[in-house]
Amino acid sequence: MTAPALVSVRGLRVAYGDGPLVLDGVDLDLHTGEMVALLGSSGSGKSTLMRSLTGFAPISGGSVHVVGHDMTNLPRRRLRTVRASVGQVFQQFNLVGRLSVLTNVLTGALHDAGPINLAGGFSSAHRRRAMELLDRVGIAHKATDQARSLSGGQQQRVAIARALMQRPRIVLADEPVASLDPRMSHAVLGLLREIAHDDGIPVLVSLHVLALALEHSDRVVGLRHGQVLVSAPTAQLDAATLNVLYDHENDNEEATRVDDHA
Ligand SMILES: Nc1ncnc2c1ncn2[C@@H]1O[C@H](COP(=O)(O)OP(=O)(O)OP(=O)(O)O)[C@@H](O)[C@H]1O
C-alpha cells in the first residue's frame, strides 16, 4: 500500500486582497522520498503555492493538508508546530551574517530548545548534531567563521544544514540555486536530492532552469497562470514539452495539459 502523502493539496485557490486568483484549482501531492521540481514563469504562482504550505497565503478555497494537518483551519499554536516540521531554503540563504556558521545551524533547533541565549544556550546534543550536519554538507571546517564570509554555495549548504536541524518532515526550497553558478547549482541540488532519497524527506524545489529540473527531479509540477499545466514523472518529460509553461505568445489560448494520466 502506498504511504499517505505528506502534502496533499486539492483545488487550491488563492487571491491577494481583492485581486484576481493567483492560484486557481491547484492539486499537489508530495510523497516520502521524492524530489519534485516546481516550474513556471515569473508570476505563475510558485512562491504562493509554497507559502500556502506554511500558512502564509490567503487561501480562498480548496484544501491544504501538511503532515496530516488541515492548514485552512488550524489554531495558531498548532500552526507553529506544523511550520517547525517544514524545513525551508531560500534564494538569498537568509543566514544571520554576523553569527558563526555553527550558530546559524543551531537556530534551526530554536523551536525545540525553548527560550535560550544564542551565545551559549544550546545543549551539547544540539551542538553535536549541528556539527554532524555541517560535516554532511561539507562545511564543518567553517563552523566558527562568520556566515557572511562564506561563498554563496557554502552559505546555501549552511542553510540546508539549518533546515535539517529542525528534523523536518518536508523541505521547501524556493529558487535555492538562482544566485549560484552552474557548478554550485548542481552541488546544492544534488544535496537536496540526497536528502529526499536517502532521508526520505520529500523536497519541493522551485527552479527556473529546465535542464536542472530534468537532471535532478523525480517529478515535475508546472504552473501557468496559477493552474497546473504539467504534472508527470521527469523521465517522461523533455525541455520541448516543458516549454509550454513559458509560451507567452499563446497566452490567450488553452494550452494542452501534460500529466501522467494522459
Ligand atoms: N503579497 C502579495 N500581494 C499581492 N500580490 C501578490 C503577492 N505575492 C504575490 N503576488 C502576485 O501573485 C502572483 C504570483 O506570484 P508568485 O510570487 O507566487 O509567483 P512566482 O511564480 O513565484 O514568481 P517568481 O518566479 O517571479 O518568483 C503574481 O501576479 C504576484 O504579483
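This report walks through two helices, a small sheet and the ligand surroundings of a predicted model.

## Helix α7

Let's begin with α7, which runs over residues 182–199. Its 18 residues reach 25 Å from the first C-alpha to the last, close to the 26 Å expected at 1.5 Å a residue. The buried residues of this helix are S185, V188, L189, L192, I195 and A196. Seen down the axis of α7, they fall within an arc of 105 degrees, so they line one face of the helix. That pattern is a familiar one: an α-helix has 3.6 residues a turn, so residues three or four places apart point the same way.

Turn to the other side of α7 and you will find R183, G190 and D198 exposed. The cover over the buried residues includes strands β3 (35–39), β7 (170–174) and β8 (203–206), along with helices α6 (152–165) and α8 (210–216). Just beyond the end of α7 sits G200, with a positive phi of about 75 degrees.

## Helix α5

Next comes α5, at residues 124–136. Its 13 residues should span 18 Å at 1.5 Å a residue, and the end C-alpha atoms are indeed 18 Å apart. Here R129, A130, L133 and L134 are buried. These residues cover an arc of only 140 degrees around the axis, which puts them on the same side of α5.

The packing partners of the buried residues in α5 are α3 (101–106) and α6; α6 is also among the elements that cover the buried residues of α7. On the other side of α5, S124, A125 and R128 are exposed. After this helix comes G138, whose phi is positive, near 80 degrees.

## A four-stranded sheet

Four strands form an open sheet in the order β2-β1-β4-β5, and their pairing is antiparallel. At its edges lie β2 (21–30) and β5 (69–70), each of which pairs on one side only.

If you look at the β5 edge, β4 (residues 59–66) pairs with β5 in the antiparallel sense over two bridges. Across this pairing, H65 stands opposite D70 in β5.

## Around the ligand

Finally, have a look at the ligand. Its surrounding residues are Y16, G19, V22, G40, S42, G43, S44, G45, K46, S47 and T48. Helix α1 (residues 46–52) supplies the largest share of this shell, with three residues.

By character, the shell has eight polar residues, two nonpolar ones and one charged residue.

Methods:
Residues are numbered from 1 along each chain as its sequence is written. This is a predicted model: local features need pLDDT of at least 70, side-chain atom pairs count only at pLDDT 80 or more; totals for chains, interfaces and linings use all residues. The expected span of a helix is 1.5 Å times one less than its number of residues. A residue is buried if 20 or more other C-beta atoms lie within 10 Å of its own, exposed if 12 or fewer, and partly exposed in between; C-beta atoms are placed from the backbone. The arc is that of the directions from the helix axis to the C-beta atoms. Two residues are in contact if their C-beta atoms, placed from the backbone, lie within 7 Å. A residue is near a molecule or strand if its C-beta atom, placed from the backbone, lies within 6 Å of it. Ala, Val, Leu, Ile, Met, Phe, Trp, Tyr, Cys and Pro count as nonpolar, Asp, Glu, Lys and Arg as charged, and the others, Gly among them, as polar. Two strands pair if DSSP finds at least two bridges between them.
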